[in-house]
Amino acid sequence: MKVLVWTSLFIIFSIYTYLVYSQCDQKDTTTTQPNAAARAGFNTWQQKNCQTCHQLYGLGGYMGPDLTNIASDPVKNEAYIRAFITTGTAKMPNFHLQDAEINNIIAFLRWVDKSGRNIVPKEKVTLSGNYNLDH
Amino acid sequence: MHQFIRLHIVASLLLLIATLVFGLLASWAFLFPETYNQYLPFYQLRPFHVSAALFWIISGASACVMHFKNDAFGYSNQNKTLEKLYITTWIGTIIAIFACYALKKFGGREYWEFPPVLCLPLLISWLLLMGSYFLPWFKSAANQPMYVWMWSTGLLFFLLTFLEQNLWQIPWFRQSYLREVTIQWKANGSSVGAWNQILYGTSLYLMVKISGNEKIARGYPAFFFYILGLSNLMFNWGHHVYNLPASSWIRNTSYLISMTEWVFFIRMVQGFKNTLDDRRRYKNLIPYRYLIASEFWVFLNLLLALLMSVPAINRYTHGTHFTVAHAMGTTIGINTMILLSGFSYMLGIDKIKDKAKKIIGTQYWICQYSLGVFWFSLIAAGFIKGYMVTFQGNTNFQEVMAYVSKALTVSSIAGAGLLISLGTIAVVYIRQAVTMVVREQ
Ligand code: HEM
Ligand code: HEM
């Protein structure tokens, strides 16, 4: 009996996993794929360990701000982002990146920005305490 | 106990000390980046700290399983070679990982921040550990107590989540950012569940040994709670990615499954009187005292976790130090306490000299109080950010952090208390383990 319950649960888990992999992104992923620059930028983002201070979708370390939607920020334009990465600040180190690497990181952040908004607006909270983020 | 397991305990305790030292340094680097960025920046200290913490827990848990399983499966049924190979590859890889951090070579995945090639030796060593466990497991009697189920589940699911955690290296998984993040946190979330299975199994084993009551690990009530825990391991990870505009059914499933944890909470409240009775009976036993501490921290952290698992509340807590309070509250208050209980039992801490026992007794309380201040100040830091950003809509990061830093200064001071107390306990335990090794030679 115990083995039966366990096996059934494991089968449900396997199907669920398959569904998560194949359907978690509702958008047509053939049109939202990253270009070569964004892919390279993603690798640089990882190699320089940016996520240990910055969050994307609220996930990562907490020392620096969340960067999910920095690329579409109404105030902070590309020059602003570039200046931060190029020279660093008193709080953020200068990683001495090449221009090409900086361009790639910006392309990566643009791609992330297009995937959605980090902040859930108040109107999207339903009575059951859940979100309704369907379009 | 075998000598190599004792040495593995020593290695795990050294990782605990490393966690504490890097944690305190990281908290200073967070508060004073201008100074630390020149020598030891936060982006180096945090990986050192978080990886040491994770490896402390997983190495410690494996030491407990390697030793306690002999009691469950019989001493004749063991494979020492596989265990020794596991320990050597595992610890060797951890040293290589720290060397990479020292050289600023990163792989940039949350918790697994080292270059991905090092996942390979970690995988091999985990398979060796599984081999050493499952070979005697196959030969053992049917109808094993629930703690054996939990150890087996933890070992298996750690493997599955570890593999899943590395899927990003296949390009298809990176074609969509939402897919990439969802799967990363599916793996991370369930991985926490996997090591918790090993640790809660160990805690149940210790409770059986201390009370002499096998019944608590048998029968359908125990099985029910095991299945509830397993379902949460499999399906509740979605609370990490509530704010992601991914398919809603992932969020709905996770919200629903997370709420079943209220059952654990209610059971704790109901069992409170029994816990008090047991406490009176066993309060002189050191392993038992750590178990009581872990129960206390389960109570507080579960309440916080249940609240954070409601999306409407998660809107305020996500991306703030609420998450850090929960993460460290659980890994220190629950995981570390259970490990220290297991180590006390294995090393026979109840039989050491009175003077050393007295030191442990005092440090135990310093640790609990420091953790209390640490936990509440991190919650305060989270509250400030959640209130200013989500409630007031403040988008000035520096202004928000100026307030948050005040609370973090308090947690840094409390963190020093944790370093002193847990550090002293670790040193006493290391001495005990080493003395036992030397005496046997
Ligand atoms: C056994 C002891 C400890 C364990 C197991 C532990 C575990 C952890 C874990 C799992 C994280 C990741 C949190 C997350 O990503 O949400 C973390 C982060 C952190 N811990 Fe600890 N920790 C311990 C002790 C300490 C101490 C004593 C300090 C010193 C004050 C400290 C300071 C920090 C800091 C500054 C972070 C980074 C938070 C951020 O991203 O901003 N830890 N720790
Ligand atoms: C001993 C048990 C547990 C441990 C060791 C643990 C560990 C963690 C860690 C390390 C994180 C940080 C993730 C990050 O860095 O972003 C986390 C987040 C979280 N956990 Fe747990 N957890 C435990 C139990 C639970 C339970 C039982 C629940 C639900 C009932 C839960 C709900 C959450 C939630 C809601 C988050 C925050 C997600 C977010 O908003 O980012 N945890 N946990």
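The paragraphs below walk through the surroundings of ligand 1 and ligand 2 in this predicted model.

A convenient place to begin is ligand 1, which lies between chains A and B. Its shell is made up of 25 residues, and the closest of these are A:Tyr62 from chain A together with B:Phe30, B:Arg46, B:His49 and B:Met328 from chain B. By residue type, the shell divides into 13 nonpolar, 10 polar and 2 charged residues.

Three of these closest residues can be followed down to individual atoms. In B:His49, an N or O atom of the side chain is 2.7 Å from a nitrogen atom of ligand 1, while in B:Arg46 a polar side-chain atom lies 2.8 Å from an oxygen atom of the ligand. For A:Tyr62 the contact involves the backbone, where a polar atom is 3.3 Å from an oxygen atom of ligand 1. Looking from single residues to secondary structure, the elements that each give two or more residues to this shell are helix H1 (3-31), helix H3 (42-73), H14 and helix H16 (397-440), which belong to chain B. Among the contributors, H1 of chain B gives the most, with 7 residues.

Helix H14 of chain B, already met as a contributor to the shell of ligand 1, also leads to ligand 2, since this helix, spanning residues 321-347, contains B:His326. The NE2 atom of B:His326 is 2.0 Å from the iron atom of ligand 2 and is the single donor that the protein provides to that iron.

Technical notes. Residues are numbered from 1 along each chain as its sequence is written. Chains are lettered from A and ligands numbered from 1 in the order in which they are written. This is a predicted model: local features need pLDDT of at least 70, side-chain atom pairs count only at pLDDT 80 or more; totals for chains, interfaces and linings use all residues. Side-chain values use heavy atoms; hydrogens and water are left out. Donors are N, O and S atoms within 2.8 Å of the metal (3.2 Å for Na, K and Ca); water is not among the atoms, so sites may look incomplete. Helices (H or I, at least four residues) and strands (E, at least two) are DSSP runs, numbered from the N terminus. A residue is near a molecule or strand if one of its heavy atoms lies within 4 Å of it. A polar contact is a pair of N or O atoms within 3.5 Å; within protein, one must be able to donate a hydrogen and the other to accept it, and residues adjacent in sequence count only if both atoms are side-chain atoms. Ala, Val, Leu, Ile, Met, Phe, Trp, Tyr, Cys and Pro count as nonpolar, Asp, Glu, Lys and Arg as charged, and the others, Gly among them, as polar.
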